[in-house]
Each structure stands twice: as C-alpha cells, then as structure tokens.
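The exercises below ask you to read a protein model step by step. Keep the sequence and the structure in view, and try each task before you turn to its solution.

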Amino acid sequence: MNLTRRRYQFVEALARLVEESGGPVHYGDVADSLDVSKWTAYDMMRELVDQG
C-alpha cells in the first residue's frame, strides 16, 4: 500500500493511540491528536479502511 505523508500521519497517530489505550480508539481522539476536525479524521479513516 502506498501512503501519502498525510495518510501516514493518521496511521501513525492511530497506532500510537491504540498502544496507549490498549484497545479501540475513537476517530475523535485521532482528530484531537492531529489537531484536525472530527469529520476530517473520520473521512481519512474511512479512506484508509477502503484502501485496505
């Protein structure tokens, strides 16, 4: 899978948050950690899921 720098930032943030929490992470938490809107985080995470 080829990730853009922005997508890589989301994957990295998600992985860090999962490791810290030890479980599932809400897209709002990803948004807060990257200082983006919740809708931006949601859309990006959907894109990542669709991309596989």
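**Exercise 1.** Where is the place of D35? Describe its backbone and its exposure as well.

*Solution.* Bear in mind from the start that this is a predicted model. Begin by finding the residue along the chain: D35 sits in the loop between α2 and α3. Next, look at the backbone, where D35 shows a positive phi of about 55° although it is not a glycine. Finally, consider the surface: the relative accessible area of D35 is 71%, and because a residue counts as exposed when this value is over 50%, D35 is exposed.

**Exercise 2.** Describe the overall architecture of the chain, and then judge its compactness.

*Solution.* Start with the secondary structure, which comes to 3 helices and 0 strands, so that the chain, read along the sequence, follows the pattern α-α-α. The radius of gyration is 10 Å, close to the 10 Å that the globule rule gives for 52 residues, and the chain is therefore as compact as a globular protein of that length. For the dimensions, take the C-alpha trace, which spans about 25 × 20 × 15 Å along its principal axes. Among contacts between residues at least 6 apart in sequence, 48% join residues at least 24 apart.

**Exercise 3.** Which residues make up the largest nonpolar core, and which element gives the largest share of it?

*Solution.* The core has 9 residues in all, namely F10, L17, V25, V30, A31, A41, M44, M45 and L48. Sorting them by element, you find that α1, α2 (27-34) and α3 (38-51) each give two or more residues, while the largest share, 4 residues, comes from α3. To see the surroundings of one member, take A31: leaving aside its neighbours within four places in sequence, A31 is in contact with V36, S37, K38 and A41. As a last step, set the core beside the whole chain, in which buried residues make up 23% of the 52 residues.

**Exercise 4.** How many salt bridges does a search of the whole structure find, and where do their partners lie?

*Solution.* The search finds 3 salt bridges, and they can be taken in turn. As a general principle, side chains of opposite charge can pair when their charged atoms come close.

- R7 pairs with E47, the closest N and O atoms being 2.6 Å apart. This pair links distant parts of the chain, since R7 is in helix α1 and E47 in helix α3, 40 residues apart. E47 counts as partly exposed, at 37% relative accessibility.
- R16 pairs with E20, with 3.8 Å between the closest N and O atoms. Because R16 and E20 are 4 residues apart in helix α1, they are separated by about one helical turn. R16 counts as partly exposed at 39% relative accessibility, whereas E20 counts as exposed at 58%.
- D50 and R46 meet through their side chains at 3.6 Å, N to O. Being 4 residues apart in helix α3, D50 and R46 are likewise separated by about one helical turn. D50 is exposed, with a relative accessible area of 61%, whereas R46 is partly exposed, with 38%.

**Exercise 5.** With which residues is R7 in contact, leaving aside its neighbours within four places in sequence?

*Solution.* First place R7 in helix α1 (residues 5-21). With those neighbours left aside, the contacts of R7 are M44, E47, L48 and Q51. Two of these partners deserve a second look: E47 forms a salt bridge with R7, and the side chain of Q51 makes a polar contact with the side chain of R7 (3.4 Å).

Technical notes:
Residues are numbered from 1 along each chain as its sequence is written. This is a predicted model: local features need pLDDT of at least 70, side-chain atom pairs count only at pLDDT 80 or more; totals for chains, interfaces and linings use all residues. Side-chain values use heavy atoms; hydrogens and water are left out. A polar contact is a pair of N or O atoms within 3.5 Å; within protein, one must be able to donate a hydrogen and the other to accept it, and residues adjacent in sequence count only if both atoms are side-chain atoms. Contact means heavy atoms within 4.5 Å. A nonpolar core is a set of buried Ala, Val, Leu, Ile, Met, Phe, Trp, Tyr and Cys residues joined through side-chain atoms within 4.5 Å. Buried means under 20% relative accessible area, exposed over 50%, partly exposed in between (1.4 Å probe, protein chains only). The radius of gyration is taken over C-alpha atoms; the globule rule is 2.2 Å times the number of residues to the power 0.38. A salt bridge is a side-chain nitrogen of Lys or Arg within 4 Å of a carboxyl oxygen of Asp or Glu.
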